[in-house]
Amino acid sequence: MFVGRSTGRLGGLNNSESGGVADAKNLRVKLVLLGDSGVGKSCIVLRFVRGQFDPTSKVTIGASFLSQTIALQDSTTVKFEIWDTAGQERYAALAPLYYRGAAVAVIVYDITSPETFNKAQYWVKELQKHGSADIVMALVGNKADLNEKREVPTQDGIDYAEKNGMFFIETSAKTADNINQLFELFEGEEQSVRQKLLTHWLSSKLGSCRGKVVKEHFIAPFHWRT
Amino acid sequence: MSSSDSSSSSSVDDPNPNPKPLDNQFESLNLEQESESTIIQNDDGEGQQDQESSLNGSLNVNRNNHEQDDRIDGGHVTSVLWRRTNSEVEVDGPSSPSSSGYAGERGSSGASEDDEIHEVANHGVIDGVFDSQAAWLPGKRHVDEDDASISWRKRKKHFFILSHSGKPIYSRYGDEHKLAGFSATLQAIISFVENGYMDELGDRIKLVRAGKHQVVFLVKGPIYLVCISCTEEPYESLRGQLELIYGQMILILTKAVNRCFEKNPKFDMTPLLGGTDVVFSSLIHSFSWNPATFLHAYTCLPLAYGTRQAAGAILQDVADSGVLFAILMCKHKVVSLVGAQKASLHPDDMLLLSNFIMSSESFRTSESFSPICLPRYNPVAFLYAYVHYLDVDTYLMLLTTSSDAFYHLKDCRIRIETVLLKSNVLSEVQRSMLDGGMHVEDLPGDLLPRSGSASHLGQHQQPTDSPGRFREPFVGIGGPAGLWHFIYRSIYLDQYVSSEFSAPINSPRQQKRLYRAYQKLYASMHDKGNGPHKTQFRRDENYVLLCWVTPDFELYTAFDPLADKGLAIKTCNRVCQWVKDVENEIFLLGASPFSW
């Protein structure tokens with residue numbers, strides 16, 4: 001029914017199923033957030049896109065679509081098309097609908113809940129099997145402010161991310177102080193085009209959040225391995 | 001409204017060409033039975049009732065079939081009683097409070113006081129809030145309770161969903177997991193009857209009456225639904241509510257969930273419904289404020305004909321490009337909707353869909369693309385819904401069968417939004433929300449020439465004499481002849497229009513009481529066991545209720561309890577005429593997808 005209009009465009013980019021570049025100056029990147037329900041995917045994305053944090057829990061239905069365009073220093077723009085998926089079990093079978101053709105996948109777990117870490121590993125495997133071959137994945141341990149209730153050691157996240165060639169970050173307001181140094185370190189590295197985009201985007205968003213969020217969990221140390 | 005092509009042979013059925021027939025019907029009875037039974041039955045209605053059912057979808061037919069099945073205990077008797085005991089002279093003592101539909105309302109015990117507070121909190125404490133949804137707090141409450149809690153036991157209306165193995169799936173109050181034992185008991189009752197307690201196979205338990213409590217059962221394959229209520233609502237109404245709850249579950253999961261039980265009878269369904277408590281509690285709340293839940297019809301936001309046409313035209317545009325249904329709604333009211341060829345949308349599906357959208361906060365945050373199932377359209381398949389809020393109350397739903405259609409639907413939405421903004425539809429919608437619809441105070445006089453229908457709706461002035469109304473609640477207030485409220489349901493259009501609430505039906509509780517009274521009227525008017533009724537006049541301490549059912553429409557009216565019967569009847573005719581005069585604005589006419 002919608003052939004031609006949608007199939008091509010559901011891909012991560014205008015003309016590439018998995019890519020990062022549409023034209024030289026205007027890049028379009030499809031990003032999908034996956035993870036168990038209640039880990040804070042929507043909070044992360046709303047913080048990224050709108051700089052807002054809403055502590056009331058709003059269960060996502062199906063998937064929400066948000067986009068965010070950022071300008072890089074060299075005057076290119078990157079438009080992120082973000083699919084914030086519902087974590088509920090009943091939507092798991094529909095996930096390919098949202099991650100198909102995604103250039104970047106952000107997989108989120110809650111550091112106080114080992115089940116959500118297991119679920120995150122499930123999503124990593126699922127993406128390795130069925131996602132784009134060159135998808136860039138980031139593992140995010142959310143709610144790091146609840147450190148006293150932590151049940152997933154940071155090292156476990158780092159190890160798993162390293163093994164699977166993913167970025168790793170733990171997000172929480174309490175350790176926001178480290179963000180700048182980490183990003184500086186991060187930006188100094190040699191990156192592939194897409195990783196650079198991701199880095200730019202994450203750093204700009206994370207950096208801009210710093211200081212705004214005091215009470216609520218968000219943002220923090222940023223480790224990555226490739 | 002297509003009242004003119006009434007196929008009934010009886011001339012009294014069509015009020016619109018000649019608003020007198022209702023008077024005629026009552027005339028003889030007024031003479032003979034001045035203060036006796038005032039129930040008027042017209043026995044020639046049997047065939048018409050059938051015809052109506054077929055026009056009105058399958059719901060009434062199904063219900064009536066079910067009703068003829070066995071029931072445990074005398075639920076049947078109760079509904080009959082209600083009809084037979086009411087008369088102008090007889091005050092039916094114990095059941096009188098029940099006309100409010102609310103047994104605990106008089107606050108008889110300390111514990112029910114707790115309920116009192118709870119109910120008030122539910123429905124808003126501000127008198128005169130017309131929109132009784134406004135103060136309702138979404139989400140499930142009292143999760144700490146279980147069947148051992150006294151407070152839990154005192155709740156007036158419980159709803160449960162459980163599996164055929166007795167596993168709890170949903171409970172209105174309390175934590176499902178703590179209610180496992182209680183669920184198992186319900187399951188045992190159901191299977192005891194099913195497994196040959198009676199002679200024939202296939203027996204099903206439908207109703208158990210225990211004191212003032214009714215326990216209503218509904219079995220849907222491996223899913224059991226139970227309502228335990230002391231609200232004295234009719235069995236048919238409670239059963240209809242269970243049907244809607246089941247429909248809501250199907251909307252979220254489709255009937256494919258049955259397969260999980262085939263594979264594993266002990267399957268635990270609660271994780272599949274994760275995060276949907278709010279959807280069910282919102283639906284259950286709507287049973288007490290939204291007449292669509294028992295009328296099985298939808299209502300439109302009043303709009304100038306041209307405005308609605310403009311909205312319909314752009315929706316039609318996108319429907320032609322492969323959208324199955326395009327629906328523009330403002331809260332629970334339809335602004336416009338179109339369907340692809342041959343696709344028809346059942347009012348119950350619209351109710352469940354809009355409840356689902358409105359109760360899920362995440363739809364307000366950003367545009368969404370979600371699988372949903374329309375149980376009346378196709379209970380086994382998912383459709384994909386693109387949902388976007390155009391403003392705080394107005395939302396667009398584009399439904400398609402294609403899971404790949406997101407970007408196309410997004411483009412459609414952008415086109416629609418642009419047109420709606422350019423043609424001021426959205427601002428008109430906002431204005432209509434503020435102005436409200438039909439106010440009984442504006443009911444045109446009998447002999448006044450009607451100068452353009454717009455004047456009746458569009459120029460409503462807030463009544464300046466309203467302060468006096470609060471002081472003297474039992475004199476003629478509201479509309480003419482003591483008219484307080486009405487609901488008009490068009491059979492052919494599957495739509496209803498309800499007048500705005502005005503003094504003295506101000507508080508959400510009074511509104512809820514009136515809806516419960518209407519709901520009883522509806523159930524009694526559609527009870528085939530006693531033959532279809534054409535009119536019903538009922539006077540009690542709260543209201544005069546006058547109901548009139550024809551093949552074309554149903555009219556439910558509430559008057560001051562001291563209202564004069566003859567005047568009330570005349571007023572009903574005027575209401576019908578008024579509705580006809582403004583039908584262009586209050587109904588969605590023309591190319592509707594409701595082609596039964």
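1. Start with the interface. In this predicted model, chain B and chain A bury about 2700 Å² between them, and 60% of that area is on carbon and sulfur atoms. A trio on the chain B side is worth finding in your viewer: B:Thr365, B:Asp404 and B:Tyr407 supply 25% of the area that chain B buries against chain A, more than any other three residues.

2. On residue counts, the contact involves 34 residues of chain B and 29 residues of chain A.

3. Now for the polar side of things. The interface of chain B and chain A has 2 salt bridges. You can look at one of them in A:Arg100 and B:Asp404, where the closest N and O atoms are 3.0 Å apart. So B:Asp404 turns up twice, because a side-chain nitrogen of Arg within 4 Å of a carboxyl oxygen of Asp makes a salt bridge, and B:Asp404 also belongs to the trio in point 1. Between chain B and chain A there are also 12 residue pairs in polar contact, counting pairs with both residues at pLDDT 80 or more.

4. Which elements of chain B give two or more residues to the side that touches chain A? They are helix H8 (235-253), helix H14 (362-365), strand E9 (367-372) and helix H15 (406-422).

5. Stepping back to chain B as a whole: you'll find 21 helices and 16 strands in it. Of its 596 residues, 61% count as buried. If you take the contacts in chain B between residues at least 6 apart in sequence, 69% of them join residues at least 24 apart. The surface that chain B exposes comes to about 22000 Å², with carbon and sulfur atoms supplying 54% of it.

6. In case you were wondering about disulfides: the count is 0 over all chains. Why is B:Cys260 not bonded to B:Cys373? The sulfur of B:Cys373 is the closest cysteine sulfur to that of B:Cys260, but the two are 14 Å apart, too far for a bond, since a disulfide needs sulfur atoms within 2.5 Å. Seen from the other end, B:Cys373 is in no disulfide either, and its nearest cysteine sulfur is that of B:Cys260.

7. Are these two cysteines buried or partly exposed? B:Cys260 is partly exposed, with a relative accessible area of 23%, whereas B:Cys373 counts as buried because its relative accessibility is 0%, and the cut-off for buried is under 20%.

Methods
Residues are numbered from 1 along each chain as its sequence is written. Chains are lettered from A and ligands numbered from 1 in the order in which they are written. This is a predicted model: local features need pLDDT of at least 70, side-chain atom pairs count only at pLDDT 80 or more; totals for chains, interfaces and linings use all residues. Side-chain values use heavy atoms; hydrogens and water are left out. Helices (H or I, at least four residues) and strands (E, at least two) are DSSP runs, numbered from the N terminus. Buried means under 20% relative accessible area, exposed over 50%, partly exposed in between (1.4 Å probe, protein chains only). Contact means heavy atoms within 4.5 Å. Accessible areas come from the Shrake-Rupley method with a 1.4 Å probe; for residues, only the protein chains shown count as cover. Buried area is the accessible area (1.4 Å probe) that two parts lose on being put together, summed over both. A polar contact is a pair of N or O atoms within 3.5 Å; within protein, one must be able to donate a hydrogen and the other to accept it, and residues adjacent in sequence count only if both atoms are side-chain atoms.
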